[in-house]
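User: I would like to work through this structure step by step. Please take my questions one at a time.

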Amino acid sequence: MLTNRLILREWRDEDLEPFAALNSDPRVMEFLPALLSRTESDAMAERIQTHFQEHGFGLWAVEVQGGADFVGFVGLNIPRFEAHFTPCVEVGWRLSSDHWGKGYAPEAARASLEYGFRELGLNDIVAITVPHNLKSRRVMEKIGMRHEPEGDFLHPNLPEGHPLQQHVLYRVVKDDLKDE
Ligand SMILES: CC(C)(COP(=O)(O)OP(=O)(O)OC[C@H]1O[C@@H](n2cnc3c(N)ncnc32)[C@H](O)[C@@H]1OP(=O)(O)O)[C@@H](O)C(=O)NCCC(=O)NCCS
C-alpha cells in the first residue's frame with residue numbers, strides 16, 4: 001500500500017535486524033513494558049507475520065519511498081487480550097527514533113484506517129496507549145481519533161500496580177475519518 005511518502009508492505013527477513021535495533025532503543029520503548037532482546041524481537045515479528053496469514057492484514061512494515069528500507073511498523077491488529085472493548089481492531093505504530101517528527105506515523109496510520117474502513121468494512125477502530133505517551137496520543141488526535149475517558153482501563157497483561165497498567169482508549173468511527 002502506498003501513501004505520499006511511504007510504502008506499507010509485508011515483512012521481509014532483512015527487516016528483523018533494524019526491528020531488533022528499534023526494540024532495544026530506550027527512547028522507542030519508553031512507554032512499553034521492557035526493551036526486547038533479539039530473540040524477543042524476532043518472536044514479535046513472527047507473531048505479526050502470523051497475524052497477516054490468519055487475517056490478511058496486520059502491522060505493516062514501513063519503508064520510505066526512495067529512502068530507508070525499514071523504519072518500523074504501522075497498521076491494524078486484533079488484540080489478543082480481553083477488555084471491555086474487545087474483540088476489536090486497533091491501529092498501532094512503532095517507528096525508529098531516527099525517523100520521528102516527520103509525520104510518518106500519522107501518514108501511515110491514516111492509510112491504515114482507510115484500509116480498515118474501505119477494504120475490511122470495519123465500523124470503528126480503536127487505539128490504546130498509556131496516558132503519558134503524549135506523542136502517540138497526538139498521532140491519534142491528528143488522525144481524527146477521539147479519547148473516550150469512560151473507556152480508559154487497566155491493561156490485563158500487566159500486573160496489578162504496574163506503572164504502565166493504566167491505559168487510555170481512543171476510537172474513530174467510519175464516518176469521522178479525517179482527511180489530510
Ligand atoms: C509515536 C510515534 C509513532 C510518533 O511518530 P511520528 O512519525 O514521529 O509522529 P509525528 O511526526 O506526527 O510527531 C508526533 C507529534 O507529537 C508531538 N509531540 C512530540 N513530543 C510531544 C510531547 N512530549 N508532548 C506532546 N506532543 C508531542 C509532535 O509535535 C507531533 O505533533 P505535531 O505534528 O502536531 O507537532 C513515535 O514517536 C514512536 O514510534 N514512538 C515509540 C513507540 C510507541 O510509543 N508506540 C505507541 C505505543 S502505544
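User: How far does a backbone N or O atom of glycine 101 lie from an oxygen atom of the ligand?

Analyst: The model is a predicted one. Glycine 101 is listed among the closest residues to the ligand. Between a backbone N or O atom of glycine 101 and an oxygen atom of the ligand, the distance is 2.7 Å.

User: How much of the ligand's accessible area does the protein cover?

Analyst: Lysine 102 also approaches the ligand, with a polar backbone atom 3.2 Å from a ligand oxygen atom. On its own, the ligand has 970 Å² of accessible area, and the share of this that the protein covers is 71%.

User: Which element gives the most residues to the shell around the ligand?

Analyst: In total, 20 residues surround the ligand. The elements that give two or more residues to this shell are S4, H3, S5 and H4. With 6 residues, the element that gives the most is H4.

User: Why do the end C-alpha atoms of helix H2 agree with the expected span?

Analyst: Helix H2 has 18 residues, from 38 to 55. At 1.5 Å a residue, H2 should therefore span 26 Å, and its end C-alpha atoms agree, being apart by 26 Å.

User: Which elements do the buried residues of H2 pack against?

Analyst: The buried residues of H2 are Ser41, Met44, Ala45, Ile48, His51 and Phe52. They lie on the same side of H2, because they cover an arc of only 110 degrees around the axis. On the other side, Thr39, Glu46, Gln53 and Glu54 are exposed. The buried residues pack against H1, S2, S3 and S4.

Methods:
Residues are numbered from 1 along each chain as its sequence is written. This is a predicted model: local features need pLDDT of at least 70, side-chain atom pairs count only at pLDDT 80 or more; totals for chains, interfaces and linings use all residues. Side-chain values use heavy atoms; hydrogens and water are left out. Helices (H or I, at least four residues) and strands (E, at least two) are DSSP runs, numbered from the N terminus. The expected span of a helix is 1.5 Å times one less than its number of residues. Buried means under 20% relative accessible area, exposed over 50%, partly exposed in between (1.4 Å probe, protein chains only). The arc is that of the directions from the helix axis to the C-beta atoms. Contact means heavy atoms within 4.5 Å. A residue is near a molecule or strand if one of its heavy atoms lies within 4 Å of it. A polar contact is a pair of N or O atoms within 3.5 Å; within protein, one must be able to donate a hydrogen and the other to accept it, and residues adjacent in sequence count only if both atoms are side-chain atoms. Accessible areas come from the Shrake-Rupley method with a 1.4 Å probe; for residues, only the protein chains shown count as cover.
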